[in-house]
Amino acid sequence: MPSDEAARLLDLARYQVLDTAREEPFDRVTRLAARLLSTPVAVINLIDQYRQWSKAMVGLSAAEAPRQESFCAWTIGGDVPFVIENAPADPRFRNNPMVTGDPHIHMYAGAPLVTPAGHRIGTLCVTDSRPHTLSPEDLACLQDLAAIAMQELELRRERLEAARCADAQRRLAEEYRRTLDQARVVEGVTSLMTLGLPVDDALENAAGLIREAAAADVMAVLTWAGGDLRAQVLGAARAAPADLDGLRAALLFGTAAPLEALRDRQEPLYIEDYASRPDVIVRLARAGVTQVAAVPLGTAGGAQRLLLALRAAVNDVDRWRLQDRALLEVTGRTLAHALRQQP
């Protein structure tokens, strides 16, 4: 084991290369190594905690081997090529399965892949099943090709990091845009509720703004006045799981107990697997509803109201995100305040 084993493994992990698909730049290096050194086998191996894994190879089909059987595990112990000229006669390797069986290694030569941090994470190696002498020039060539393989690993790592940075910037820009859009929605809802429109009309227009920004398929308001419950389905996206009449019926004529339990809620409720709820309204689940958000609007004018946002299984958004919850709660407070101001 190298003395820097822990740091070496961490450095190897930075490249995110283990168990990835074949890539032409690395295949090209192994082809050149086999051709220039006149060997039937050339491999780029990475050594992790328990195994050697091959990123590219010529003349072999097995992509990995246990570390205790690995010639390359010896190579990463130093900075210069590690050469075994007669493995069957070497007491360290004569009983090795790769000597006694395929690929029947007789000669092995490996040059370490050294990271900019100085850690030896793998090798470029060549083998032959017959006696094969390598000259100092051959070993120098092997080292040069190992350096090229390491440069390719660095380029690959930099491309991955650049892609991650670009993705993070894209997601940040989307988050800023979503925040701006939601701020405009709150402003629009506030404006609508101060226009003096009839309550139902104001709610319907406001719900259209909220539904789109919260990626909901249906918005509804439940109103309790006296002992009566009225469900006002205010708008549906094209992807709504059923027509508005069907949803209205599911809300009004489903089991009453779940809706009555919502009547006195003081805090918002977010459900992301509606069909699994013990208090599920079967008709609502059959209509395709999978996610439910319930935001209390308080009591105004003798009526108690609750804002419902519904998502169907076809919705691309599979949970109530933090920004969705924030929007629903802010606009819910805005609606509640405006309703209290109604004459």
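Two strands count as paired here if DSSP finds at least two bridges between them, and the elements themselves are DSSP runs numbered from the N terminus: helices are H or I over at least four residues, strands E over at least two. This is a predicted model, with local features needing pLDDT of at least 70, side-chain atom pairs counted only at pLDDT 80 or more, and totals for chains, interfaces and linings using all residues. Residues are numbered from 1 along each chain as its sequence is written, and side-chain values use heavy atoms, leaving out hydrogens and water.

So much for the ground rules; on to the sheet. It's an open one, six strands in the order 3-2-1-6-5-4 with antiparallel pairing. Strand 3 (64–66) and strand 4 (82–84) sit at the edges, each pairing on one side only. From one strand to the next, the twist averages 25 degrees. Look at strand 3 again: its antiparallel pairing with strand 2 (residues 51–58) runs over three bridges, and A65 in strand 3 is the bridge partner of Q52.

Now for the helices. Helix 2 (residues 24–37) lies across strands 1 (41–47), 2 and 6 (120–128), at about 75 degrees to strand 2. Angles run from 0 to 180 degrees between N-to-C directions, with axes fitted to C-alpha atoms, for helices over the stretch in contact; contact means heavy atoms within 4.5 Å. Helix 5 (residues 136–192) lies across strands 1, 2, 4, 5 (107–114) and 6, at about 40 degrees to strand 5.

Zoom out, and the protein has ten helices and eleven strands. Its C-alpha atoms fill a box of roughly 100 × 35 × 35 Å along the principal axes.
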